[in-house]
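Could you walk me through this structure, piece by piece, in plain language? I'm new to it and would like to know where to look.

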Amino acid sequence: SLIYLTINLLRKKLYKVNSFKIPIICVGNIYLGGTGKTPTSILLANEILRLGKKTSILRKYYKNHKDEHNLIRKNFNNLILSNKRVNGLKEAENLNYEVVILDDGFQDYSIKKDLNIICFNQKQLIGNGLILPAGPLRESLSSLKNAHIVIINGQRDRAFEDKILAINSKLD
């Protein structure tokens, strides 16, 4: 876990941050999968589209993520898949999208995001609370300082909400 944390810290410090002309809303997580990012991205993209904004969902292309790709395509028309998110965002700009929903990518430190939405699943929350490989977290809870909104899919858990708000009292 210490090695993983060190690599993450170096990535945060060494990556050049790319800014884009279009608003980027990141729907991510710090738990390893299964938190509802993709359904949240679809819901959000459809709502923004209803407001009259040309919207796209961007996902980094992974060969083994075809289920997520198909789920998005079934429920939303404008999916951009790219081996590099930065290239996908350039494509979105070239296609004149007005908003991009970044489905997963909270740990991509090369992109300046305008809004970070972090998803948790009430059934697992943070598991044992440890970072990979000792636990299911991609990074520590302190990374929630960079979040704007936290969504907990499932039943309300006041103790967990209080724990999160102790890290970032500005969360919605």
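Let's start with Glu-139, whose side chain makes a polar contact with the side chain of Gln-107 at 2.7 Å. The Glu-139 side chain also makes a polar contact with the side chain of Tyr-109, this one at 3.4 Å. Keep in mind as you look around that this is a predicted model. You'll find Glu-139 in the loop between strand S5 (115–121) and strand S6 (149–153). Is Glu-139 buried or exposed? Its relative accessible area is 3%, so Glu-139 is buried. If you set aside the neighbours within four places in sequence, Glu-139 is in contact with Asn-8, Lys-12, Ile-30, Phe-106, Gln-107, Tyr-109 and Ile-131.

Stay with the loop between S5 and S6 for a moment, as two other spots there deserve a look. One is Pro-133, which lies in this loop. A cis peptide bond joins Leu-132 and Pro-133, with omega at about -5 degrees. The other is Leu-125, also found in the loop between S5 and S6. Leu-125 has a positive phi of about 45 degrees although it is not a glycine. With 14% relative accessibility, under the 20% limit, Leu-125 counts as buried.

Asn-96 is another non-glycine residue with a positive phi, here about 60 degrees. Look for Asn-96 in the loop between H4 and S4. Its relative accessible area is 56%, and the bar for exposed is over 50%, so Asn-96 is exposed.

Now for the strands, beginning with S1 (24–28). How much of S1 is covered? Five of its five residues are buried, so to speak of S1 as mostly covered is fair. In a regular strand, side chains alternate between the two faces of the sheet. In S1, Ile-24, Cys-26 and Gly-28 point one way, while Ile-25 and Val-27 point the other way, and all are buried.

S1 has partners, too. It pairs with S4 in the parallel sense over four bridges, and the bridge partner of Val-27 in S4 is Asp-103. S1 also pairs with S5 in the parallel sense over four bridges. In S5, the bridge partner of Gly-28 is Ile-118.

Ile-118 is a good place to pause. Not counting residues up to four places away in sequence, Ile-118 touches Gly-28, Asn-29, Ile-30, Phe-106, Leu-144, Ala-147, Ile-149, Val-150 and Ile-151.

Which residues touch the most other members of the largest nonpolar core? Among its 29 residues, they are Leu-89, Ile-118, Phe-120, Leu-144, Val-150 and Ile-164. Several elements feed this core: S1, helix H4 (85–94), strand S4 (99–103), S5 and H5 each supply at least two residues. H4 gives the largest share, three residues. Apart from this core lies another one, of 13 residues, including Val-27, Ile-42, Phe-76 and Ile-101.

Next, the aromatic rings. The structure holds one aromatic pair. The rings of Phe-120 and Phe-160 have their centres 5.0 Å apart and their planes at 80 degrees, so the pair is edge-to-face. What does the pair tie together? Phe-120 lies in strand S5 and Phe-160 in helix H5, so the pair ties together parts that are 40 residues apart in sequence. Both rings belong to covered residues: Phe-120 counts as buried at 0% relative accessibility, and Phe-160 counts as buried at 5%.

Another ring has a charge for company. The charged end of Lys-54 sits over the ring of Tyr-97, 4.9 Å from its centre.

Let's finish in helix H5 (residues 158–167), which is the place of Leu-165. How does Leu-165 sit, and how far is its C-alpha atom from that of Lys-145? With a relative accessible area of 39%, between the limits of 20% and 50%, Leu-165 is partly exposed. The C-alpha atoms of Leu-165 and Lys-145 are separated by 9.6 Å, and the two residues are 20 residues apart along the chain.

Notes
Residues numbered from 1 in each chain as written. Predicted model: local features only at pLDDT ≥ 70, side-chain atom pairs only at ≥ 80, totals over all residues. Heavy atoms only, no water. Buried < 20%, exposed > 50% of the residue type's maximum accessible area, 1.4 Å probe, protein only. Polar contact = N/O pair within 3.5 Å; in protein donor to acceptor, adjacent residues only side chain to side chain. Contact = heavy atoms within 4.5 Å. Phe/Tyr/Trp six-rings, centres within 6.5 Å; stacked < 30°, edge-to-face > 60°. Lys NZ or Arg CZ within 6 Å of the ring centre and 35° of its normal. Core = buried A, V, L, I, M, F, W, Y, C linked by side-chain atoms within 4.5 Å. Pairing = 2+ DSSP bridges.
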